[in-house]
Amino acid sequence: MRSLIDIVNLSTQEIDELIAVAQDIMANPSKYAEKCRGKKLATLFFEPSTRTRLSFEAAMYELGGNVLGFSEASSSSSAKGESVSDTIRVVSGYADIIAMRHPKEGAPLAATFVSNVPIINAGDGGHNHPTQTLTDLLTIKKEKGTLDNLTIGCCGDLKFGRTVHSLVKALQRYQGIKFVFISPEELRIPDYLRYELQKAGADFVEVQKLDEAIPQLDILYMTRVQRERFFNEADYIRLKDTYILDSEKLQNAKSDLSILHPLPRVNEISTEIDNDPRACYFRQALYGKYIRMALILKLLEVE
Ligand code: NCD
């Protein structure tokens with residue numbers, strides 16, 4: 001039995017296979033409509049979510065399966081003081097697979113120690129978010145036709161932004177990848193990630209100015225400043241509008257730039273560019289459903 005806690009739990013070959021299955025699902029959805037008949041997915045969300053939870057649920061329904069779960073900690077027994085372990089022990093008797101999001105880093109890993117069914121990490125604190133990364137990789141593959149030889153700018157809150165951490169770990173295993181990390185000094189990538197990149201011999205730079213970085217980019221991955229992870233509101237207010245991508249900034253970008261964002265967007269992308277063909281973020285959210293379908297099939301070992 002396999003779980004997905006960290007994106008590196010999957011080899012690049014397995015990721016490429018998941019992307020291929022997701023593309024086949026998009027082309028032939030009816031072929032997959034009964035694959036999970038009789039199976040149940042539990043979505044245990046101890047932290048807010050729109051896309052991740054609903055795309056998991058839509059994914060299971062489109063595979064012919066069923067869904068149970070809760071969308072906030074306050075409506076579960078965690079509000080009475082129940083531990084994550086106890087909740088998981090119980091739910092793993094009710095469901096065939098569990099997707100969980102939790103504010104504490106490592107909670108989904110801890111869940112695997114007591115679960116009888118596969119656990120999918122749907123976001124743990126400021127740490128990891130592997131299924132968003134699968135979504136991002138499918139989006140890049142659809143937009144660029146490859147995951148190799150790309151210059152990728154990650155902009156915004158690179159310290160607390162878990163989607164960036166997982167994306168970087170996944171992409172650095174592909175060929176010819178260059179990262180440009182664009183953030184204020186206080187929100188640079190965590191030290192452990194910088195160390196891992198250095199150890200792997202990855203090609204990366206850390207800068208502060210989006211305008212200067214933009215012309216060289218093939219992919220621009222924008223992120224929101226993660227208010228809920230800040231220790232003090234004044235710092236959040238000072239940093240929240242550091243970067244705002246608008247049509248003026250895009251003037252110096254490549255004509256085939258792909259702009260991604262895991263969403264939710266706050267202020268960091270002006271709505272005036274939503275109709276620019278380079279804006280991929282709403283397509284990206286849709287792809288999240290298909291790649292999660294592929295992942296559920298893999299972890300449930302459905303042929
Ligand atoms: C992200 C998350 O939850 O980390 N959202 C998502 O899953 N699409 C990004 C964010 O909240 O900023």
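Me: What length does helix α11 (residues 281-299) reach from its first C-alpha to its last, and what is expected?
Reply: Helix α11 has 19 residues and reaches 27 Å, close to the 27 Å expected at 1.5 Å a residue. The expected span is 1.5 Å times one less than the number of residues. Helices here are DSSP runs of H or I with at least four residues, and strands are runs of E with at least two, numbered from the N terminus. A word on the source: this is a predicted model, where local features need pLDDT of at least 70 and side-chain atom pairs count only at pLDDT 80 or more, while totals for chains, interfaces and linings use all residues. Residues are numbered from 1 along each chain as its sequence is written, and side-chain values use heavy atoms, with hydrogens and water left out.

Me: What makes α11 mostly covered?
Reply: In α11, 14 of its 19 residues are buried, meaning under 20% relative accessible area (exposed is over 50%, partly exposed in between; 1.4 Å probe, protein chains only).

Me: Why does the contact between glutamate 14 and arginine 2 count as a salt bridge?
Reply: A salt bridge needs a side-chain nitrogen of Lys or Arg within 4 Å of a carboxyl oxygen of Asp or Glu. The two side chains meet at 2.5 Å, N to O, so the pair qualifies. Glutamate 14 lies in helix α1 (residues 12-27) and arginine 2 in the segment before α1, so the pair ties together parts twelve residues apart in sequence.

Me: Is glutamate 14 buried or exposed?
Reply: Glutamate 14 has 15% relative accessibility, so it counts as buried. Its partner arginine 2, at 34%, counts as partly exposed.

Me: How do you know that aspartate 218 and lysine 254 form a salt bridge?
Reply: Their closest N and O atoms are 2.8 Å apart, so they meet the cut-off for a salt bridge. The pair links distant parts of the chain, 36 residues apart: aspartate 218 is in the loop between α8 (210-213) and β8 (219-222), and lysine 254 in the loop between α10 (247-250) and β9 (258-260). Aspartate 218 is buried at 11% relative accessible area, whereas lysine 254 is partly exposed at 31%.

Me: And what about aspartate 241 and lysine 240?
Reply: Their side chains also meet in a salt bridge, at 3.1 Å, N to O. Aspartate 241 is partly exposed at 35% relative accessibility, and lysine 240 is partly exposed at 28%.

Me: How many salt bridges does the structure hold?
Reply: The structure holds 22 salt bridges.
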